[in-house]
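Here is a short report on one protein model. Look at the sequence and the fold, then read on.

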Amino acid sequence: MFRSLIFVASAFGLLLLLSSCNENNTEDFPLELGYEYFPLEVGKYTIYQVDSVLFDTTGTGVVIDSTQSFIRETIVDTFVDNSGQTNYRIEREWRRSLGETWTVQDVWTALRSDIRAERVEENFRFVKMVFPLSVGRSWDGNQFIDINTNISVAGETIVPFKNWFYEILSVGEPGAVGVLQFDEVAEITQADAENFIELRRSFERYARGVGLIYREMWILDTQRISETDPWEEKAQKGFILKQRLIEHN
């Protein structure tokens, strides 16, 4: 069950530009466009520490299960899709602790065109970025996903993609994840919606030349109405996920 959450893992409204999309996967892009925040190259790998909290309502109350594991993503190959665009295969390996052997979990894909970057995660296609990256740009990053899609979390059904809206909050700012320091980081919010019974919060940070360095998601539901209790206390189903980069090449 934990592994299935990593996809939720998860960019928005560019309809007028889509018809002019031309694929360009060379590495010599002008920096001002922001392509280097989403680098794609066979042999590139990133390793993440993933901390998650699952909420499950049972007959005796809400059971909270906290876990930690590690994910390694390696770009292993390319292929050309039916539209003529070059896609990159990302092999994803999982292990519970640093001392364990890596186990192949699944394969995701990514592509980058002149105007946007996409990732297919667990068969969900997300538009992660639009180019050029500039503060305040917004778009429908879940345009390929039915917002009423259900997923199962700890045996509970939840609708994770309600009220998502992507926006670039910052570009080119210094940042850090743990001991790793980065000169230029872009932050993209994907969802930030809350009412009495639902919380949908998701954002990602990318470093130039590295890619994704941090992801945080809060997908929570409750029937316990409270304006003062934090979501960690009143949530009855869903999850909190934090994914941190710890190593890359």
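Is Arg 72 buried, exposed or partly exposed? Arg 72 is partly exposed, because its relative accessible area is 23%. Buried means under 20% relative accessible area, exposed means over 50%, and partly exposed lies in between (1.4 Å probe, protein chains only).

## The model and its confidence

This is a predicted model: local features need pLDDT of at least 70, side-chain atom pairs count only at pLDDT 80 or more, and totals for chains, interfaces and linings use all residues. Residues are numbered from 1 along each chain as its sequence is written, and side-chain values use heavy atoms, with hydrogens and water left out.

The pLDDT is the predictor's confidence in each residue, from 0 to 100. Its mean over the protein is 89. A value of 70 or more is reached by 88% of the residues. Residues 1-27 have a pLDDT below 50. Beyond near neighbours in sequence, this stretch still has 103 contacts in the model. A contact means heavy atoms within 4.5 Å.

## The sheet

Strands here are DSSP runs (E, at least two residues), numbered from the N terminus. Two strands pair if DSSP finds at least two bridges between them. Twelve strands form an open sheet. Their order is β6-β5-β4-β3-β2-β1-β14-β13-β12-β11-β10-β7, and the pairing is antiparallel.

Which strands stand at the edges? They are β6 (124-130) and β7 (138-139). Each has a single partner strand, so one side of each is left without a neighbour in the sheet. For β7, two bridges lead to strand β10 (residues 164-177), and the two run antiparallel. Trp 139 stands opposite Tyr 166 in β10.

## Strand β13 and its partners

Why is strand β13 (residues 211-221) described as largely enclosed by the rest of the structure? Eleven of its eleven residues are buried, so the description fits.

Take one partner, strand β12 (residues 198-207). It pairs with β13 in the antiparallel sense over ten bridges. Glu 198 has Asp 221 in β13 as its bridge partner. The hairpin of β12 and β13 has three residues between the strands. There, Gly 209 takes a positive phi near 85°.

Now take strand β14 (residues 237-248). Eight bridges join β13 to β14, and they run antiparallel. Trp 218 has Ile 240 in β14 as its bridge partner.

## Salt bridges

A salt bridge is a side-chain nitrogen of Lys or Arg within 4 Å of a carboxyl oxygen of Asp or Glu. By this rule the count is 20. In one of them, the side chains of Glu 93 and Arg 72 meet at 2.8 Å, N to O. This pair links distant parts of the chain: Glu 93 lies in strand β3 (residues 86-95) and Arg 72 in strand β2 (residues 61-80), 21 residues apart. Glu 93 counts as buried because its relative accessibility is 10%.

Asp 192 forms a salt bridge with Arg 201, with the closest N and O atoms 3.6 Å apart. Asp 192 counts as exposed at 60% relative accessibility. Arg 201 counts as partly exposed at 27%.

Glu 204 and Arg 215 also form a salt bridge, and their closest N and O atoms are 2.9 Å apart. Glu 204 is in strand β12 and Arg 215 is in strand β13, eleven residues apart. Both Glu 204 and Arg 215 are buried. Salt bridges that share partners join them into one network with Glu 73, Arg 92, Asp 106, Arg 119, Glu 121 and Lys 128.

Definitions and conventions
Helix = DSSP H or I, 4+ residues; strand = E, 2+ residues; numbered from the N terminus.
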